[in-house]
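Biologist: I want to see how each label is earned. Can we go through the calls one at a time?

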Amino acid sequence: MSRRRSVARYLRASMIAMALLLPALSLIPFGSLWLWQQGYLLYWVGAALALSVASYLLQLWLVRSANPAPVAAAASQSSIVPDPAWTPRELTAWNAVQALATSSDPAQITSRDALVDLALRTVDTVARSIHPQDNEPLWRFTVPEALALIERVSRDLKPFVVDNIPLGDQLTVAQVIKIYRWRSAIDVAEKAYDIWRIVRLLNPITAVTNEARERLSKKLYAGVRDELARRLTQGFVKEVGRAAIDLYGGRLRVSGEELADHVSDATERDRKSPEIAEPLRVLVAGQISAGKSSLINALTRELRAAVDVLPVSVGFTAYELKHETLPPILLIDSPGVQPHAQAQGRLAEEAGTCDLIIWVTPANRADRNLDRQALDVIRAFFVNRPDRRHPPILALATHIDQLRPFQEWTPPYDINDSSNEKAKSIRAALEQVARDLGLAMDNVVPVSMAAHKPPYNIAQVWTKVAELLPEATRAQLVRRMRGASGWKWRKLWSQAVNAGRLTTRALSK
């Protein structure tokens, strides 16, 4: 019965359309006959051709004046860029997504099924990059992560619908369903247009001019259309890839509130002030007598660390620092670097709980093989954990007052001043420290904590820490996320208690 009503509705609509179109269609033969009788037919044909050529030239000028090259350049530098806080493993997944976006066929966005298949291939590419050890990594996410992803997509989709779709804020779900059911009307319109082109052949002159104009326009816009389709396809793959990286990378596993309240086990062990939630953890390391304790004294402006030629720290000692331009800092003083593998492994593990490493080395000594060996162990620690970010390393070259000329010490010194022998010695020492430790020259700062003299260049240390703060904060974010999403017996116990309460309520009803 429903099918009969549908056929009748289409039949009535077709009859109404024919009744409206027939008067207009009748003008084609009669109008052409009148033009021929009045002797205006050739003039009309010439005017139609001139108008078609003028329209084509106008379209060509408008498209060229739009200057697609800058538009393409702007699109290539769009907001679809890697997150600076991503880990090496997430960056590997992003590179795979970019390769997939470049190789994807733009025709895949014209079909719903092909579009879904492209999205699934993108998600699978990310899952295999982040979980390469799993044979079936596609479902490696938790239920809360899936719900968080739905929440984020819905939150981003709402303003798009409201701002870009006419009456988007008024459309009901029922109306959307009705519109979807009428999607076949597009095919009917296309068939009607083909019929119109056939009818138009009753007037060959009109048909030729219109067909020529339409073909010129299609050829003009074909290049722009293909470029837009290519960029839309790449943008679709990259957006899906970004969301998938956040999902499989564990960034949706904890909420912002949970992350803000999280305190790592290391900080819980080291902190003395409970009001400090999770400070920036800074590891101070170096060989014995490198000047670590004197540096800490200068940074804290208090004699909290004993100054001696012998190691006084049998373990790691924490100092809480507050700087007016920096977040709360927990300074971790380490024992002097030892050549033993066990001691260096312990140092690397402690570095894994920190967000910035300050490496102290004397500028007047050349024996840095032990420093480089310990730093390489730390670097290997993070290479073997691609789901973590390596904390930035700042090297401090101490004892610069003991460089040549030995008796001269009239700071400050400009290391770019080639006319000053002390400045030249300091610069040469910094370049050697950078080479020995495998660091950039910009990440080496000269300092001096000579006895009975004011500390030199400590302000520059704080300035450099502030410059490295964004990178250190990104390392801290990943460290906190991994800690907040880990297995905790206390949380499991709370979940079990809540489940028991729900069961009791259900049984009591």
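Modeller: Start with exposure: buried means under 20% relative accessible area, exposed over 50%, and partly exposed in between (1.4 Å probe, protein chains only). This is a predicted model, where local features need pLDDT of at least 70, side-chain atom pairs count only at pLDDT 80 or more, and totals for chains, interfaces and linings use all residues. Residues are numbered from 1 along each chain as its sequence is written, and side-chain values use heavy atoms, with hydrogens and water left out.

Biologist: Why is His-399 called partly exposed?

Modeller: Its relative accessibility is 23%. That falls between the 20% and 50% limits, so partly exposed is the label. His-399 sits in the loop between β5 and α15.

Biologist: What makes His-452 count as exposed?

Modeller: His-452 has 86% relative accessibility, and the cut-off is over 50%, so His-452 counts as exposed. Its place is the loop between β6 (444-446) and α16 (458-484).

Biologist: What is notable about phi in these two histidines?

Modeller: Phi is near 60° in His-399 and near 65° in His-452. Both values are positive, in residues other than glycine. Most residues other than glycine have a negative phi, and most peptide bonds are trans.

Biologist: Which peptide bonds are cis in the loop between β5 and α15?

Modeller: Arg-404 to Pro-405 is cis, with omega near -15°. Pro-411 to Pro-412 is cis too, with omega near 5°. Pro-405 and Pro-412 both lie in that loop.

Biologist: How do you know that strand β5 is largely enclosed?

Modeller: Strands are DSSP runs of E, at least two residues; helices are runs of H or I, at least four; both are numbered from the N terminus. β5 covers residues 393-398, and six of the six are buried, so the rest of the structure largely encloses β5. Ile-393, Ala-395 and Ala-397 point one way, while Leu-394, Leu-396 and Thr-398 point the other.

Biologist: What makes β4 and β5 a pair?

Modeller: Pairing takes at least two DSSP bridges between two strands. Six bridges join β4 (residues 356-362) to β5, so they pair, and they run parallel. Pro-362 stands opposite Thr-398.

Biologist: How do you know that the span of helix α5 agrees with its length?

Modeller: The expected span is 1.5 Å times one less than the number of residues. α5 has 19 residues (112-130), so 27 Å is expected, and its end C-alpha atoms are 27 Å apart. The two agree. Its buried residues include Leu-118, Val-126 and Ile-130.
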